[in-house]
Amino acid sequence: MAKVRILPEVLAHQIAAGEIVERPASVVKELVENSLDAGATRLRIQVEAGGSRLIRVSDDGCGMSPEDACLAFEHHATSKISTLEDLEAILTLGFRGEALPSIASVSRVCLRTVDAAAGTAPGVIPGTELRYEAGRRVSLQPVAWPQGTEITVEDLFFNTPARRKFLKSVPTEISHISRLVMSYALAFPEVAFQLEHEQRNLLDAASVAGLAERTFQILGDPLMRNLATVEYDENGVSVRGFVSLPHEQRNSANWLYLFVNRRMVRDRLLTHAIRQAYRDLIPGQAYPVAVLFVETDPRLVDVNVHPTKTEIRFRRSQDVHVAVFRGIEQALLRHRSNLGSLARDLGPARPPAEDAREQRIRQGIDAFLRRTANVPMFDPRFRPAPGTTGDGPESASDQPHLAGPVRGSTPRGLSPHGDEIPETAHLATVPMVLGQFVESFIVVADRDGVMVIDQHVAHERILYDCALQAMQSGGPVTAQRLLVPQTIELNPQQKSAAEPVLEHLNRNGFEVEWFGGDTLIVRAVPALDREVDPLAVLDQLFHELESLDELDSGVLSPDRSLRRVQEKIAISLSCRAAIKINTPLSLEKMQWLVDGLFHCDNPYTCPHGRPILLRLPLEEILRGFHRI
Ligand code: ADP
Ligand code: MG
């Protein structure tokens with residue numbers, strides 16, 4: 001009997017749908033793209049239960065005739081292309097004719113539409129209402145419909161339980177949806193966007209004249225002030241948009257809003273060019289914020305790489321890389337006077353007139369960090385070649401060689417030259433502070449060698465452990481009331497991150513509540529032994545919470561999600577309250593810091609995974625001086 005069978009049509013369609021509809025945000029994406037392609041000037045997106053119960057997109061676009069509406073649910077039915085030439089120069093967001101049938105095969109869909117081009121004949125109801133369930137049409141009838149198209153998608157994946165299980169928590173799905181709507185809102189400033197979750201407005205952006213106004217609407221004023229304008233053309237590639245100054249950093253690529261010919265994309269080539277442009281300016285694991293529009297001849301971009309159309313291929317990738325890299329470089333160079341500032345530790349960009357001493361320190365730190373950025377320890381990579389251990393200067397030892405990593409520890413004892421190795425018994429087992437380097441790093445010695453400690457990250461680790469302990473001890477967390485309550489305005493993504501955790505915040509030392517639509521009022525923050533800027537803490541906290549879904553491996557139990565939120569609170573508090581670099585410290589203060597650090601369970605890395613200390617072991621010192 002033949003083993004090869006043609007799959008039933010419904011199953012085949014569900015499999016195909018899997019590629020396009022991965023999660024609620026994918027449905028939103030396809031529907032929003034359709035509305036934009038239909039020339040809408042006003043778009044309303046309503047969502048319930050993170051999109052799994054309901055997604056509704058309404059527009060004022062061109063609409064469809066009853067015949068077109070029925071055809072639109074057939075596979076490979078599209079009004080956007082008809083020939084191979086069309087496919088090779090795509091100007092619309094959609095072109096595959098697969099989204100509507102795919103969505104319909106894994107949900108219950110209701111479409112209401114009216115063809116803007118059709119005249120109104122007396123006695124004829126021009127609108128159409130169509131219902132689909134699990135890919136089958138269940139009704140078709142005329143309706144009175146004023147304008148445009150409304151598509152409602154209910155019970156996503158109700159007939160594919162395996163898929164439904166992969167849905168993550170409501171905040172995670174909402175965060176994906178928010179990011180998507182924010183992206184399209186950035187790309188289409190002339191279109192009004194409204195996003196609601198359970199009747200709550202997450203985004204309400206009126207139509208504006210251009211990208212700058214829209215970026216301001218979406219990303220908010222404080223961030224906008226730290227962005228540089230990109231305007232660059234080379235080899236037929238135009239790059240426009242905004243990128244952040246180096247002190248404005250993020251810990252995920254979530255804040256790279258990238259578009260090619262107005263299509264939202266995820267692209268390694270573009271991300272690489274961006275990171276290259278920031279190579280010396282921000283740490284390797286950090287990301288800048290970028291809203292970048294690359295425009296090029298559509299014939300040079302292949303968008304038909306993947307069903308979701310977010311992956312692309314450039315036919316002249318080098319030209320695109322160069323244009324993006326140079327565009328950003330030039331934008332940052334226009335702010336050169338501010339670039340001496342070292343990342344987030346230095347706070348907002350300073351005016352150009354900083355004094356010479358400060359400048360020297362900054363340059364020193366910069367050069368120091370650059371030299372050591374990729375070296376986890378002082379573990380000297382340059383060591384004499386094996387077999388060149390003779391006394392006195394030798395050509396080989398003057399010419400350093402690259403050697404492999406040190407393996408194991410060398411037994412201590414007499415050096416091959418007969419010299420005694422230094423006596424270390426009198427050195428305390430607790431690390432002893434020797435001094436401070438460039439007012440930022442603490443130099444410390446113990447019996448095993450010398451260490452350089454980043455004072456900011458070390459303090460961050462200590463405060464983090466304290467804050468977490470206080471929250472997890474079960475008792476009430478001491479709150480510090482603000483003299484004057486402060487308000488913080490949230491952008492849609494922050495708002496969706498904030499909403500589900502307000503209760504946790506209020507149980508962990510904060511006092512915050514909504515104050516109008518997008519504004520939070522802060523009355524208290526958890527007490528630390530240092531002053532913190534409550535708004536900066538909350539701002540960072542919402543950034544941190546946005547990356548939570550990357551850690552999610554499914555819907556978290558309430559206990560685990562509480563723990564995650566507590567960790568994020570501790571990270572944000574400690575980062576904002578910790579002693580900054582460029583701060584002179586007394587020997588006592590430094591010793592206090594170092595003692596505290598070595599009482600932490602993990603004195604080696606900060607909660608974000610950055611190293612806290614660099615170690616130059618005694619063996620390496622001895623080896624470096626050819627004493628063993
Ligand atoms: P594609 O967008 O790739 O053409 P879809 O399955 O997303 O495929 O949509 C099929 C067709 O339905 C579109 O080509 C378009 O003609 C029509 N359509 C879908 N949504 C809308 C809308 N909101 N307004 C007007 N026409 C629409
Ligand atoms: Mg489409």
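When I call a residue buried in this talk, I mean that its relative accessible area is under 20%. Please keep in mind as well that what we are looking at is a predicted model.

With that cut-off in hand, let me begin with Asn254, which sits in the loop between strand E10, residues 237-244, and strand E11, residues 256-260. Its relative accessible area is 17%, and therefore Asn254 counts as buried. If you follow the chain from Asn254 to Glu546 you travel 292 residues, and yet the C-alpha atoms of these two residues are separated by 8.5 Å.

Glu546 brings us to helix H17, which covers residues 534-546. Does the length of this helix agree or disagree with what its residue count would suggest? The 13 residues of H17 should span 18 Å at 1.5 Å a residue, and because the C-alpha atoms at its ends are 19 Å apart, the two values agree. H17 is mostly covered, with 11 of its 13 residues buried, and Glu546 is itself one of those buried residues, as are, among others, Pro534, Phe542 and His543. At the start of the helix, a side-chain oxygen of Asp533 comes to within 3.0 Å of the backbone nitrogen of Leu535.

A second helix, H7, can be described in a similar way. It runs over residues 170-187, and its 18 residues reach 26 Å from the first C-alpha to the last, which is close to the 26 Å expected at 1.5 Å a residue. H7 is also mostly covered, since 15 of its 18 residues are buried.

Let me turn now to the strands, and in particular to E6, residues 149-154, where 5 of the 6 residues are buried. Which strands are joined to E6 by bridges? On the one hand there is E2, residues 54-59, which runs antiparallel to E6 and is joined to it by 6 bridges, with Leu54 standing opposite Glu154. On the other hand there is E3, residues 108-113, which is likewise antiparallel to E6 and joined to it by 6 bridges, and in this pairing Thr113 stands opposite Thr149.

In the loop between helix H5 and strand E3 we find Ser107, which has a relative accessible area of 0% and is therefore buried. A polar atom of the Ser107 side chain lies 2.8 Å from the backbone oxygen of Ile103.

Helix H5 leads us to ligand 1, which is the last part of this tour. There are 20 residues around ligand 1, and those that come nearest are Asn34, Thr78, Ser79, Lys80 and Gly97. Sorted by class, the shell holds 8 nonpolar, 8 polar and 4 charged residues.

Where do oxygen atoms of the ligand meet polar atoms of the protein? An N or O atom in the side chain of Thr78 is 2.5 Å from an oxygen atom of ligand 1, while the backbone also takes part, with an N or O atom of Arg96 at 3.0 Å from a ligand oxygen and one of Gly97 at 2.7 Å. Taken alone, the ligand would expose 530 Å², and the protein buries 93% of that area. As for the elements that give two or more residues to the shell, these are helix H2, residues 24-37, and helix H5, residues 99-105, and it is H5 that supplies the largest share, with 3 residues.

Conventions. Residues numbered from 1 in each chain as written. Chains lettered and ligands numbered in written order. Predicted model: local features only at pLDDT ≥ 70, side-chain atom pairs only at ≥ 80, totals over all residues. Heavy atoms only, no water. Near = heavy atom within 4 Å. Polar contact = N/O pair within 3.5 Å; in protein donor to acceptor, adjacent residues only side chain to side chain. Areas by Shrake-Rupley, 256 points an atom, 1.4 Å probe, with all protein chains shown as cover. Helix = DSSP H or I, 4+ residues; strand = E, 2+ residues; numbered from the N terminus. Nonpolar A, V, L, I, M, F, W, Y, C, P; charged D, E, K, R; others polar. Expected span 1.5 Å × (residues − 1). Buried < 20%, exposed > 50% of the residue type's maximum accessible area, 1.4 Å probe, protein only. Pairing = 2+ DSSP bridges.
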